[in-house]
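Open the model in your viewer, keep the selection tool at hand, and follow the stops below in order. At each stop you will be told what to select and then what is there.

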Amino acid sequence: AHGGYSYCGLAALCIAGRTDALDLHSFLKWAVNKQMTHEGGFQGRANKLVDSCYSFWQGAIFPLLHEAFRQSGADMKLPEEHCWFAPEPLQMYILLACQHPNGGLRDKPTKSADFYHTCYALSGMAVSQYDVAGHTPMVGHVAANLLERTDIYYNVLLEKAQRKCSYFQNLPLEIDGQTLATREGPGAVAWRKHLETSK
């Protein structure tokens with residue numbers, strides 16, 4: 001199994017409201033074993049080194065799984081303040097090991113910074129800073145370290161995802177002269193509604 005592919009498949013099924021096709025408990029068991037205790041970051045698959053991009057690819061799996069369990073009405077007690085991984089060690093790895101002296105973020109120490117790792121390390125950091133209850137577990141409790149909340153399904157700022165939905169909701173989709181009825185997947189809609197009602 002691979003962290004990036006696993007996130008993409010899970011997010012697609014979550015958006016569509018079809019996580020019943022998965023063994024969520026086995027998925028969770030696999031995912032919790034990918035955060036390395038020494039470095040604090042995630043590995044993408046077994047027997048690989050920690051890589052900053054998996055801060056998102058693996059880190060975002062946990063809130064997706066939490067929401068999938070919540071929506072399915074799973075007979076289990078869900079954590080109320082965390083999503084089965086340690087956010088502060090992950091943030092420490094990103095801030096201390098992955099910042100390049102010339103700017104940007106890198107895969108791991110000794111590597112060069114690049115746009116890909118900068119994007120996904122920051123995305124993972126943003127995911128790790130907002131727990132289930134909306135609290136912000138951030139390194140050093142320094143406000144300057146806080147990033148804006150992202151939409152766990154689309155990896156864009158939550159506010160931009162909401163604007164996207166509003167825009168496309170009112171826009172008819174025409175293909176070959178036919179107007180099609182379109183809508184966002186029920187899983188993503190239910191998550192956003194849950195966020196609004198739990199504020």
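Begin by selecting helix H7 (158-169) and helix H8, each of which supplies at least two residues to the lining of the largest pocket. Of these contributions, the one from H7 is the largest share of the pocket lining, at six residues. Bear in mind as you look that this is a predicted model, in which the protein chain averages a pLDDT of 92 and 100% of the residues score at least 70.

Now add the pocket residues themselves to your selection: Tyr154, Gln162, Lys164, Cys165, Ser166, Phe168, Gln169, Thr182, Arg183, Glu184, Val189 and Arg192 form the lining. The space they border in this largest pocket comes to about 310 Å³. If you colour the lining by class, you should find four nonpolar, four polar and four charged residues.

Keep Arg192 on screen and select Asp151 as well, since the side chains of arginine 192 and aspartate 151 meet in a salt bridge, with 3.3 Å from N to O. This pair links distant parts of the chain, with arginine 192 in helix H8 and aspartate 151 in the loop between H6 and H7, 41 residues apart. Are the two partners buried or exposed? Both arginine 192 and aspartate 151 are buried. Add Lys164 and Glu184 to the view, and you have the four residues, Asp151, Lys164, Glu184 and Arg192, that salt bridges with shared partners join into one network.

The next stop is an enclosed space. Rolling a probe the size of a water molecule over the atoms shows where empty space is left. In this structure there is one cavity of 30 Å³ or more, and the volume of the largest cavity is about 220 Å³. To find its centre, select Pro63, Asp131, Val132, Arg149 and Trp191, which lie nearest to that point among the 17 lining residues. Then show helix H4 (61-72), helix H6 (115-128) and helix H8 (186-197), each of which supplies at least two residues of this lining. Which helix gives the largest share of the lining? That share, four residues, comes from H4. Coloured by class, the cavity lining shows nine nonpolar, four polar and four charged residues.

Stay with helix H4 and select arginine 70 and glutamate 67, which both lie in this helix, three residues apart, or about one turn of the helix. Side chains of opposite charge can pair when their charged atoms come close. Here arginine 70 forms a salt bridge with glutamate 67, and the closest N and O atoms are 2.6 Å apart. The partners do not fall into one exposure class: arginine 70 counts as partly exposed because its relative accessibility is 30%, whereas glutamate 67, at 4%, counts as buried.

For another pair, select aspartate 107 and lysine 108, whose side chains meet in a salt bridge of 2.5 Å, N to O. Aspartate 107 counts as buried because its relative accessibility is 13%, and lysine 108 is buried too, with a relative accessible area of 16%. A search of the whole structure finds eight salt bridges, so you may wish to look for others on your own.

Finish by colouring the chain by pLDDT. Among the elements of the protein chain, strand S1 (residues 173-175) has the lowest mean pLDDT, at 84, while helix H3 (residues 54-57) has the highest, at 97.

Note on methods. Residues numbered from 1 in each chain as written. Predicted model: local features only at pLDDT ≥ 70, side-chain atom pairs only at ≥ 80, totals over all residues. Heavy atoms only, no water. 1 Å grid on protein atoms, 1.4 Å probe; cavity = no way out; pocket = protein on both sides within 12 Å on 5 of 7 lines; lining within 4 Å. Points joined across faces, edges and corners; volume = space filled by probe spheres on them. Nonpolar A, V, L, I, M, F, W, Y, C, P; charged D, E, K, R; others polar. pLDDT = per-residue confidence, 0-100. Buried < 20%, exposed > 50% of the residue type's maximum accessible area, 1.4 Å probe, protein only.
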